[in-house]
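Here are a few exercises to work through with the model open beside you. Try each task before you read its solution.

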There are 4 protein chains.
Amino acid sequence: MGAEQTIKIRVRYSEADAMGYLHHSRYFQYFEIGRVELLRTLGASYADLERSGIFFVVVKAECRFKAPAKYDDELELTTRIERQTHVAIEHAYEVKCNGTLLATATTTIACVGRDGALRGIPPELGEPDSRKSGSTNGHE
Amino acid sequence: MGAEQTIKIRVRYSEADAMGYLHHSRYFQYFEIGRVELLRTLGASYADLERSGIFFVVVKAECRFKAPAKYDDELELTTRIERQTHVAIEHAYEVKCNGTLLATATTTIACVGRDGALRGIPPELGEPDSRKSGSTNGHE
Amino acid sequence: MGAEQTIKIRVRYSEADAMGYLHHSRYFQYFEIGRVELLRTLGASYADLERSGIFFVVVKAECRFKAPAKYDDELELTTRIERQTHVAIEHAYEVKCNGTLLATATTTIACVGRDGALRGIPPELGEPDSRKSGSTNGHE
Amino acid sequence: MGAEQTIKIRVRYSEADAMGYLHHSRYFQYFEIGRVELLRTLGASYADLERSGIFFVVVKAECRFKAPAKYDDELELTTRIERQTHVAIEHAYEVKCNGTLLATATTTIACVGRDGALRGIPPELGEPDSRKSGSTNGHE
């Protein structure tokens with residue numbers, strides 16, 4: 001199992017849409033906060049990484065919205081590293097409010113240099129998931 | 001094949017992130033513009049629909065990001081109705097810039113009333129996709 | 001002197017612009033968070049107010065930007081009620097990062113009903129500033 | 001009188017807040033679009049300027065909101081260069097919808113280099129306002 005962390009995020013007024021619901025695009029901004037804060041608990045700062053020329057770009061994102069979040073709701077966002085390869089990390093997310101599951105999602109981020117070209121993830125950010133080397137892993 | 005439309009959207013300064021790239025969450029806001037404008041060409045106004053108590057909520061969204069868009073890029077967003085059931089519409093999207101494919105995506109939106117409960121899509125918004133009535137379609 | 005509160009807000013990646021700075025428009029979203037959180041410490045919930053048909057609209061906003069905030073900076077936002085009349089509240093704001101003043105601002109919000117018409121501020125949200133009734137008040 | 005231009009901007013769903021109104025912070029993003037498009041009609045591209053190491057930062061912004069804009073409203077934004085000095089430009093803005101004035105605003109932007117230090121505005125972006133050289137102008 002990969003690293004996992006739950007943080008709280010309160011829905012801002014400017015993030016709700018005309019229905020009064022958290023706009024679906026905002027969840028992806030919350031997921032990014034989840035990734036950054038998970039990284040921080042692992043001892044790394046994404047801001048520092050960027051200053052050293054290491055960037056992560058989102059190459060794939062997918063979310064299922066099950067129930068709406070409303071302005072001022074205090075959400076619990078759980079972010080988990082699902083898989084890690086030499087150049088990419090897949091995260092899974094759950095968003096809950098008062099115990100109700102609002103959304104589940106996954107994203108894949110890839111490590112690139114200042115030039116945008118793929119590069120290896122620095123070893124201090126964790127090792128590739130050994131499960132991936134197994135021949136029986138049929139996922140994706 | 002469903003209705004399809006291509007519109008142009010210029011990346012705003014406030015939409016680019018610290019890498020100078022259009023933030024990945026913004027694509028989902030662009031897709032929403034694509035849906036609304038496609039609806040407009042079909043003779044309907046989403047604002048009017050809402051005023052009459054008909055809403056569409058995003059229940060699923062998925063995007064693959066292939067190349068970055070930058071501030072001031074003029075993007076071509078193609079929005080296509082991929083499938084339509086009695087209560088939901090699946091759209092597919094392509095984002096290009098100067099002929100280069102930047103992203104592909106799909107979303108599923110569901111029709112709900114003012115109370116948030118599922119309701120049938122008004123007939124003036126098109127008929128359910130007849131392909132969906134086939135007994136062999138196991139998708140979804 | 002009016003009520004005052006300082007909160008911390010960390011700059012999100014999606015809030016920085018292509019220069020890597022917090023986009024100037026975002027400060028106004030932060031000020032709104034400051035107002036809502038100040039209200040909460042005064043025992044009221046803006047979400048509850050809205051549910052009871054009481055809204056506040058921004059009628060004037062002004063900000064001076066002195067130094068940039070960057071992604072991941074943890075900002076200190078001080079929000080202070082500067083003046084209060086029967087229908088409006090003027091707030092003043094200071095944004096600092098590590099002791100450096102980044103921005104100062106003021107906003108004026110007015111109390112409106114569900115119909116958008118001006119209405120009196122509920123007494124539980126505080127009394128009009130008595131200084132305002134004096135004939136010698138030369139402020140503004 | 002300085003250069004002036006009117007553009008149309010349609011309010012996006014994701015830009016309306018829980019009241020169904022264009023969030024006040026978004027006006028400042030629209031004003032930025034106004035500045036960029038005015039610059040484009042003057043023959044310059046802000047994206048190109050940035051690539052050549054010339055940036056403009058907002059040092060002051062002020063807006064008065066007179067009536068709300070709603071989702072899907074097609075707004076007319078007029079942007080005018082009000083004054084220009086060697087290092088700064090002051091713009092004035094008017095936002096209308098169907099002839100009704102919704103907001104008026106001014107911003108001051110300053111020209112900086114890649115290091116963030118003030119620098120002179122390139123001559124191709126226009127000359128300082130000669131009215132400014134008059135000894136009787138006590139403003140600012």
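A quick definition to start: helices (H or I, at least four residues) and strands (E, at least two) are DSSP runs, numbered from the N terminus. Keep in mind that this is a predicted model.

**Exercise 1. Work out which elements chain A has, and in what order they come.**

Solution. Start by counting: chain A has two helices and five strands. Now walk from the N terminus, and you read β-α-α-β-β-β-β. For the overall dimensions, the C-alpha trace of chain A spans about 45 × 40 × 25 Å along its principal axes. Then try the globule check: a compact globule with 140 residues would have a radius of gyration near 14 Å, and the 16 Å of chain A agrees with that.

**Exercise 2. Trace the open sheet and find the strands at its edges.**

Solution. Write down the order of the ten strands: 1(A)-3(A)-4(A)-5(A)-2(A)-2(B)-5(B)-4(B)-3(B)-1(B), with antiparallel pairing. Next, look at the ends: strand 1 (4-10) of chain A and strand 1 (4-10) of chain B each have a single partner strand, so one side of each is left without a neighbour in the sheet. From one strand to the next, the twist averages 25°.

Zoom in on one pair. In chain B, strand 4 (residues 88-97) and strand 5 (residues 100-112) run antiparallel and are joined by ten bridges. Pick B:Ala92, and you'll find its bridge partner in strand 5 of chain B is B:Thr106.

Finally, see what packs on the sheet. Helix 1 (residues 24-41) of chain A does, touching strands 1, 2, 3, 4 and 5 of chain A together with strand 2 (55-65) of chain B. The direction of this helix makes about 130° with that of strand 1 of chain A.

**Exercise 3. Describe the largest pocket and its lining.**

Solution. Take the volume to begin with: about 790 Å³. The lining has 23 residues, and B:Ala18, B:Met19, C:Ala18, C:Met19 and C:Gly20 lie nearest the centre. Helix 2 (46-51) of chain A and helix 2 (46-51) of chain D are the elements that give two or more residues to this lining. Sorted by class, the pocket lining has twelve nonpolar, three polar and eight charged residues.

**Exercise 4. Count the cavities of 30 Å³ or more, then say what lines the largest one.**

Solution. The count comes to three cavities of 30 Å³ or more. The largest cavity holds about 50 Å³ of space. Among the residues lining it are B:Arg12, B:Glu15, D:Arg12 and D:Glu15. Helix 1 (24-41) of chain B and helix 1 (24-41) of chain D each supply at least two lining residues. By class, you get no nonpolar, three polar and six charged residues.

Terms used
Residues numbered from 1 in each chain as written. Chains lettered and ligands numbered in written order. Predicted model: local features only at pLDDT ≥ 70, side-chain atom pairs only at ≥ 80, totals over all residues. Heavy atoms only, no water. Pairing = 2+ DSSP bridges. Axes fitted to C-alpha atoms, helices over the stretch in contact; angles between N-to-C directions. Contact = heavy atoms within 4.5 Å. 1 Å grid on protein atoms, 1.4 Å probe; cavity = no way out; pocket = protein on both sides within 12 Å on 5 of 7 lines; lining within 4 Å. Points joined across faces, edges and corners; volume = space filled by probe spheres on them. Nonpolar A, V, L, I, M, F, W, Y, C, P; charged D, E, K, R; others polar. Rg over C-alpha atoms; globule rule 2.2 N^0.38 Å.
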